[in-house]
Amino acid sequence: MSQYLIRNAAILGGDVRDILIRDGEIAEIGIGIEAPAAEVIDASGLVALPGLVDLHTHLREPGREDNETVQSGTRAAARGGYTAVHAMANTTPVADTAGVVEQVWHLGREFGHCDVHPVGAVTEGLAGKKLAELGAMAESAANVRVFSDDGHCVDDAVIMRRALEYVKAFDGVVAQHAQEPRLTEGAQMNEGEVSDRLGLRGWPAVAEESIIARDCLLAAHVGSRLHVCHVSTAGSVEIVRWAKSKGWNVTAEVTPHHLFLTDACCEHSPLGRSYDPIYKVNPPLRTQADVDALRAGLADGTIDCVATDHAPHAVEDKETEWADAAMGMIGLETALSVVQAAMVDTGLLDWAGLADRMSVKPAEIGRLGGHGRPLESGSPANITLYDPAYRAQVDATTFASKSRNTPYAGLELPGRVVATFLRGRPTVLEGKLV
Amino acid sequence: MKRHLISAKDLTRDDALLVLDTAEELARVSGRSVKKLPTLRGLTVVNLFFEDSTRTRISFEAAAKRLSADVINFSAKGSSVSKGESLKDTALTLEAMGADAVVIRHGASGAPYRLADWINGNVINAGDGTHEHPTQALLDAYTMRRHLGSLDGRKITIVGDVLHSRVARSNVLLLSTLGAEVTLVAPPTLLPVSVGTWPCKVSYDLDSVLAKSDAVMMLRVQRERMNAAYFPTVREYSRRYGLSAERYSHLPEHAIVMHPGPMNRGVEIAAEVADSARSTIVEQVGNGVSVRMAVLYLLLGGAQPAIGADK
């Protein structure tokens with residue numbers, strides 16, 4: 001197998017070292033390593049991070065291969081520095097049986113530019129009525145540990161309680177899309193001053209917070225692991241902080257866009273447009289006060305990790321009236337840059353902190369033993385080399401994703417993924433897919 | 001003025017006064033035997049209506065025709081839109097047909113902004129979802145000015161379902177621009193959550209503000225709101241927020257009663273109040289044509305005096 005010698009990489013932004021990759025592992029880390037058989041990569045000025053792990057990716061296959069496939073989505077992931085993604089269950093058919101999760105897992109093995117770990121649906125058809133075969137998915141080849149009806153909230157308290165209890169048998173976690181359905185009927189964007197001005201029905205913060213509070217209490221009651229998807233409000237951060245202070249087994253994620261954009265973009269986008277559905281996401285973009293609280297929560301560890309909620313959509317699903325537009329934006333290829341801008345360049349996180357939130361913690365929550373490991377000899381060689389000094393306008397036409405629904409196109413963001421290694425095999429070199 | 005009229009906030013105070021003054025001039029045309037000016041001859045105005053609204057569509061059509069524009073009425077019902085053609089495709093079609101202005105009525109808030117991103121012609125918002133209806137606000141202001149004179153310091157009360165009302169939203173913006181003091185009156189469930197940041201006062205008690213009002217505008221209450229628990233019953237709503245004859249008697253002598261229509265007689269407004277001498281409801285409809293003529297003229301014709309070409 002090929003050997004690679006990465007020269008002069010700043011490990012987690014700190015010590016500059018050489019990294020020797022051999023047989024899919026990090027063979028050695030040191031200064032002045034000699035390895036005549038190895039291909040040398042000059043990483044001067046680059047930061048070395050453990051390969052990123054995404055807990056929340058929509059790959060759309062099976063069912064909407066026009067928007068994304070396992071192959072295109074994992075290529076996008078690799079370009080973004082990811083070595084593992086969790087593929088959400090809201091496909092067509094829904095990933096609510098061992099058969100579907102194994103199909104996605106096989107596609108990942110066959111075509112993946114990173115590891116693909118299917119998320120199983122909590123309930124059949126995401127309908128919230130009847131538990132899916134959680135055990136069969138856990139015991140399948142896909143070895144599912146994360147279960148979510150993402151896109152839908154498991155709003156029935158009894159079903160949620162049972163799911164939390166049941167997944168304890170195989171150390172699973174229920175990842176909840178917290179959205180009280182009655183409070184968000186017809187909701188179009190964050191409820192507040194901007195929604196009032198735009199005349200778009202509001203999605204109130206309390207609709208998220210009330211479900212998170214309930215679920216934390218349920219998880220504590222039954223002694224289970226709860227993971228809260230895409231936390232978006234200051235109140236949600238407070239509730240998670242409170243649950244953690246109680247010692248309950250609650251984790252949470254935040255998306256890059258909720259760390260960076262606000263609902264003001266819906267009224268006056270940086271590109272000068274109003275009602276541009278590129279900003280229509282679920283949960284919606286919130287206020288600056290929420291963004292500040294999310295950043296603080298991620299910095300102090302209340303929010304465990306960053307998850308992209310990469311949601312590819314066809315052009316025609318976004319180039320329409322706001323009310324008719326699909327919700328969601330892509331994020332795999334911009335996540336690291338956005339988090340750098342929101343967290344590192346603002347001094348809220350150092351690179352070790354970023355590695356913790358974008359690799360170590362999501363791997364722990366998803367129980368992925370081979371990812372999120374420290375960069376040390378003996379670890380699987382899942383490595384991202386990143387140039388934080390790079391500056392350029394985002395060019396969405398170069399994206400590996402099949403979709404282009406990014407709000408960052410044309411905007412300047414920092415950083416660039418120079419190389420990604422998956423178990424010693426480069427998936428990206430010199431910024432290009434291998 | 002800006003190139004489009006999508007929101008009442010597109011209008012500065014000078015812009016708004018120019019529209020109202022121009023409408024006064026153009027209103028004289030309606031009194032002539034030949035109600036037509038050559039001002040917009042050769043230009044094409046498309047009425048693009050995705051929602052039924054006979055009153056507004058006819059008003060815009062009459063306004064455009066009195067200025068000699070060619071008018072194309074496009075109703076989404078039974079069109080390619082109902083077969084799934086997108087707003088963008090429709091916009092590109094209109095563009096290809098050389099529409100100089102598009103008057104759009106749409107059930108989705110913000111649809112006129114999207115349209116303006118895709119076409120070169122002027123876009124005029126004839127009501128979008130629960131967002132705005134700026135020409136309605138202009139015709140309301142025009143009506144008030146005719147009865148009350150300058151709107152500076154005038155006390156205007158808007159009553160009812162503010163939350164879902166594009167009319168209220170545009171009126172608050174425009175009337176505050178024109179110096180009026182607006183008070184919104186509604187049950188708390190029918191007020192926007194951030195109404196405290198709007199340039200107006202808010203009250204839950206209609207009786208406490210009526211006696212100080214120069215104009216009272218009643219908003220239509222849709223009965224489906226009841227199912228969504230915005231208020232307990234129509235009867236209770238009518239008792240607390242309806243303009244009854246008894247309440248009407250507490251209005252100042254000079255005050256006028258307005259309604260953008262269509263009315264629920266006996267719900268938000270008693271029949272005898274709607275038909276009273278101080279009701280401007282029918283007059284508002286007529287004024288709508290003059291105001292829309294002014295808007296079309298100023299956006300499309302612009303350079304010459306409004307009715308100079310007729311001389």
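The exercises below walk through a few features of this predicted model, each with a worked solution.

Residues are numbered from 1 along each chain as its sequence is written, and chains are lettered from A in the order in which they are written. Local features need pLDDT of at least 70 in this predicted model, and side-chain values use heavy atoms, with hydrogens and water left out.

**Exercise 1. Compare the expected span of helix α7 of chain A with the distance between its end C-alpha atoms, then find on which side its buried residues lie.**

Solution. Helices here are DSSP runs (H or I, at least four residues) and strands are runs of E of at least two residues, numbered from the N terminus. Helix α7 of chain A covers residues 234–245, which makes twelve residues. The expected span is 1.5 Å times one less than the number of residues, so for α7 the expected value is 16 Å, and this agrees with the 17 Å between its end C-alpha atoms. Next, take the residues that are buried (under 20% relative accessible area, where exposed is over 50% and partly exposed lies in between, with a 1.4 Å probe and protein chains only). In α7(A) these are A:S236, A:V237, A:I239, A:V240 and A:A243. They cover an arc of only 165 degrees around the axis, which puts them on the same side of α7(A); the arc is taken from the directions that run from the helix axis to the C-beta atoms. An α-helix has 3.6 residues a turn, so residues three or four places apart point the same way.

**Exercise 2. Describe the backbone and exposure of A:L12 and A:D23.**

Solution. Begin with A:L12, which sits in the loop between β1 (4–11) and β2 (16–22) of chain A. Its phi is near 50 degrees, a positive value in a residue other than glycine, and A:L12 is partly exposed at a relative accessible area of 30%. Turn then to A:D23, in the loop between β2 and β3 (25–30) of chain A, where phi is near 55 degrees, again positive in a residue other than glycine. A:D23 is exposed, with a relative accessible area of 57%. Most residues other than glycine have a negative phi, and most peptide bonds are trans.

**Exercise 3. Locate the cis peptide bonds that precede A:P93 and B:P262.**

Solution. In chain A, a cis peptide bond with omega of about 5 degrees joins A:T92 and A:P93, and A:P93 lies in the loop between β7 (82–87) and α2 (98–111). In chain B, the bond from B:G261 to B:P262 is cis with omega near -10 degrees, and B:P262 belongs to the loop between β9 (256–258) and α11 (271–274).

Technical notes:
Predicted model: local features only at pLDDT ≥ 70, side-chain atom pairs only at ≥ 80, totals over all residues.
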